[in-house]
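Hi,

Here is the structure I said I'd send over. Have a look at it first, and then read on for what turned up.

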Amino acid sequence: MLAGVSDVSTQVNPGFPGLRERLRDATADAHREVDAQLSSFDLTVLAGYRRFLQASAGALLPLEAALVAAGVARIFPDWPERSYPCRR
């Protein structure tokens, strides 16, 4: 969970969906699609594992760059120490 963000459903009203539940529901279709695509990679062979890593990097590297540009280190001060060494 994000730092400083709590599940409001447990604090306000157990019957009211909190941030986590709303986010999960709103992204459920996208998660199913990603799961289906990633499950097509054969991780038991080098070529399949390589394609999996390339697909993952294609999504994660731009996300990390966007987080850095948005100032993620203000929220997580240890971000530079935890990030991939080539991007420091």
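**Aromatic rings around Phe52**

Let's start with Phe52, which is partly exposed, with a relative accessibility of 23%. Its ring and that of Tyr49 have centres 6.4 Å apart and planes at 20°, so this pair is stacked, since anything under 30 degrees counts as that. Both residues sit in helix H3, 3 residues apart, which is about one turn of the helix. Tyr49 is partly exposed too, at 39% relative accessible area.

Before going further, bear in mind that this is a predicted model.

How many aromatic pairs are there in the whole structure? The search finds 2. Besides the stacked pair, Phe41 and Phe52 come together edge-to-face, with 6.1 Å from centre to centre and 70° between the planes. Phe41 is in the loop between helix H2 (19-38) and helix H3 (46-69), while Phe52 is in helix H3, so this pair ties together parts 11 residues apart in sequence. Put the ring pairs together and you get a cluster of Phe41, Tyr49 and Phe52.

**How far to trust it**

The average pLDDT for the chain is 82, and 76% of the residues score at least 70. Take care with residues 1-10, though: pLDDT stays under 50 there. The model does have 17 contacts for that stretch beyond four places in sequence. Still, predicted coordinates should not be read in detail where pLDDT is low.

Cheers

Key. Residues are numbered from 1 along each chain as its sequence is written. This is a predicted model: local features need pLDDT of at least 70, side-chain atom pairs count only at pLDDT 80 or more; totals for chains, interfaces and linings use all residues. Side-chain values use heavy atoms; hydrogens and water are left out. Rings of Phe, Tyr and Trp (its six-membered ring) pair if their centres lie within 6.5 Å; planes under 30 degrees apart count as stacked, over 60 as edge-to-face and the rest as tilted. Helices (H or I, at least four residues) and strands (E, at least two) are DSSP runs, numbered from the N terminus. Buried means under 20% relative accessible area, exposed over 50%, partly exposed in between (1.4 Å probe, protein chains only). pLDDT is the predictor's confidence in each residue, from 0 to 100. Contact means heavy atoms within 4.5 Å.
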